[in-house]
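Student: I would like a close look at a single part of this model, taken slowly and with the reasoning spelled out. Could you then carry the account on to the aromatic side chains?

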Amino acid sequence: MRDITEIRAEINEIDEKLLELFKRRMACSRDVGFYKKENNIPVVDENREKEILDSVYEQGGDYKAAVRMIFAEMMEMSRAIQYGITQTGKELRELIESAEESLPQSGVKVAYMGIKGANGHEAALRLFPEGEALAYKTFSDVFDAVDSGEVSFGVLPVENSTAGSVSAVYDLILKHRFYIVGAMDMGIDYCLAGLKQSELCDIEKVITHPQSISQCEKYIAAHNLEAVPCANTAVAARDTAREKRLNLAAICSYKACEEYGLKVLDNHIQDSSDNTTRFIIISKKLYIPPNADKISLCISLPHVSGSLYSVLSRFNYLGFNLTKIESRPIAGKGFEYLFYLDFTGNVHSENAKQLLCRLSVEMPNFSFLGNYCEE
């Protein structure tokens, strides 16, 4: 058996040769990029790539899968170089450059789901303190209001730190493909609210939004309460006031409790002390502030082995941090999916612009959904 020092010396020698060969290969890829640009040839040649990957797999001996993965990564890096040279994605580049920087504030109409006192209402007021907040019954109604032009913006919850994603909103994002032009993380603090004549010991049943049930699950179980879902937390407060039952309470915000004339029976009942909901602003018009730090997009993937890995490796290669992935099945496509992605970055950086342009060319159902700040 050889000594480890001898083996490592040989590895170092091999690595030096591999490094020089890798640099030569990338230089060749650069030359190919200039040729493709000069002759208006697409960057991706799927047939050639498949031939190479199949060939190295067959020649890989005991390391077939590893060899194929290494060569796939090198091809990914080669494409990145060539996309930078060919400046692919002209329409997307023009869209980004044409975006306005600042959201209008004074006098704008903003849609939210719920009624006065709902968390969505509070988020709309915080994001647009000089705007007019308009209530709609459902998340879908908010999207329809933005689509029709009744309002300029919609404010919607997409994720809670305890209960997770608001799936219905992500479904609508993927359906409508409106731009996301802003976001805010808002602390959510719930109280148990009942009639003025009620006491905590009287309460047997609570009503609130399903997400709020999830956020207060431990409290509900500990007090042996029956939890009944309703449209939102403010509706729960309103209906508790209307029903006038001593054993009924709402899980709602303190503002909703005050708005509908209820009494606080217990404080801060959410399971997590740092309970937070992320709200987004949707718009049919694109706005990109100079200091935007989060990018959202939608893609579907080719129905081939390794396609998700191939996409995710691009973010890693360019140093971007993926912060959110949501997937939804495509109706009638049989196990093909739409993916919603969030990652940190600014589209005016060349790396981000190149990545988006590449994805816009290669990925089916691509939509750039926005680059915005999260407060």
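Tutor: Two strands are said to pair here if DSSP finds at least two bridges between them. With that in mind, and remembering that this is a predicted model, we can begin with strand 6, residues 190-194, which pairs with strand 10 in the antiparallel sense over three bridges. Within strand 6, Leu192 stands opposite Asp266 of strand 10. Strands 6 and 10 belong to an open sheet of five strands, whose order is 8-7-9-6-10 and whose pairing is mixed. Its edges are formed by strand 8 (226-229) and strand 10 (263-266), each of which pairs on one side only. On average, and with direction ignored, neighbouring strands of this sheet are turned by 40° against each other. Helix 10, made of residues 233-243, packs on the sheet and touches strand 6, strand 7 (205-208) and strand 9 (248-253), while its direction makes about 150° with that of strand 9.

Turning to the aromatic side chains, the structure holds six aromatic pairs. One of them joins Phe143 and Phe178, whose ring centres are 5.9 Å apart and whose planes meet at 20°; since planes under 30 degrees apart count as stacked, the pair is stacked. Phe143 lies in helix 6 (residues 139-148), whereas Phe178 lies in the loop between helix 7 (167-176) and strand 5 (179-187), so the pair ties together parts that are 35 residues apart in sequence. Both Phe143 and Phe178 are buried.

The pair formed by Phe320 and Phe343 is edge-to-face, with 5.4 Å from centre to centre and 65° between the planes. Here Phe320 comes from the loop between helix 12 (307-318) and strand 13 (322-329), and Phe343 from strand 14 (residues 337-344), so this contact ties together parts that are 23 residues apart in sequence. Phe320 has a relative accessibility of 14% and therefore counts as buried, the cut-off being under 20%. Phe343, with a relative accessible area of 0%, is buried as well.

Two further arrangements involve tyrosine rings. Phe128, Phe153 and Tyr287 form one aromatic cluster, and the charged end of Lys64 sits over the ring of Tyr57, at 5.3 Å from its centre.

Key. Residues are numbered from 1 along each chain as its sequence is written. This is a predicted model: local features need pLDDT of at least 70, side-chain atom pairs count only at pLDDT 80 or more; totals for chains, interfaces and linings use all residues. Side-chain values use heavy atoms; hydrogens and water are left out. Helices (H or I, at least four residues) and strands (E, at least two) are DSSP runs, numbered from the N terminus. Axes are lines fitted to C-alpha atoms, for helices over the stretch in contact, and angles run from 0 to 180 degrees between N-to-C directions. Contact means heavy atoms within 4.5 Å. Rings of Phe, Tyr and Trp (its six-membered ring) pair if their centres lie within 6.5 Å; planes under 30 degrees apart count as stacked, over 60 as edge-to-face and the rest as tilted. Buried means under 20% relative accessible area, exposed over 50%, partly exposed in between (1.4 Å probe, protein chains only). A charge sits over a ring if NZ of Lys or CZ of Arg is within 6 Å of the ring centre and within 35 degrees of the ring normal.
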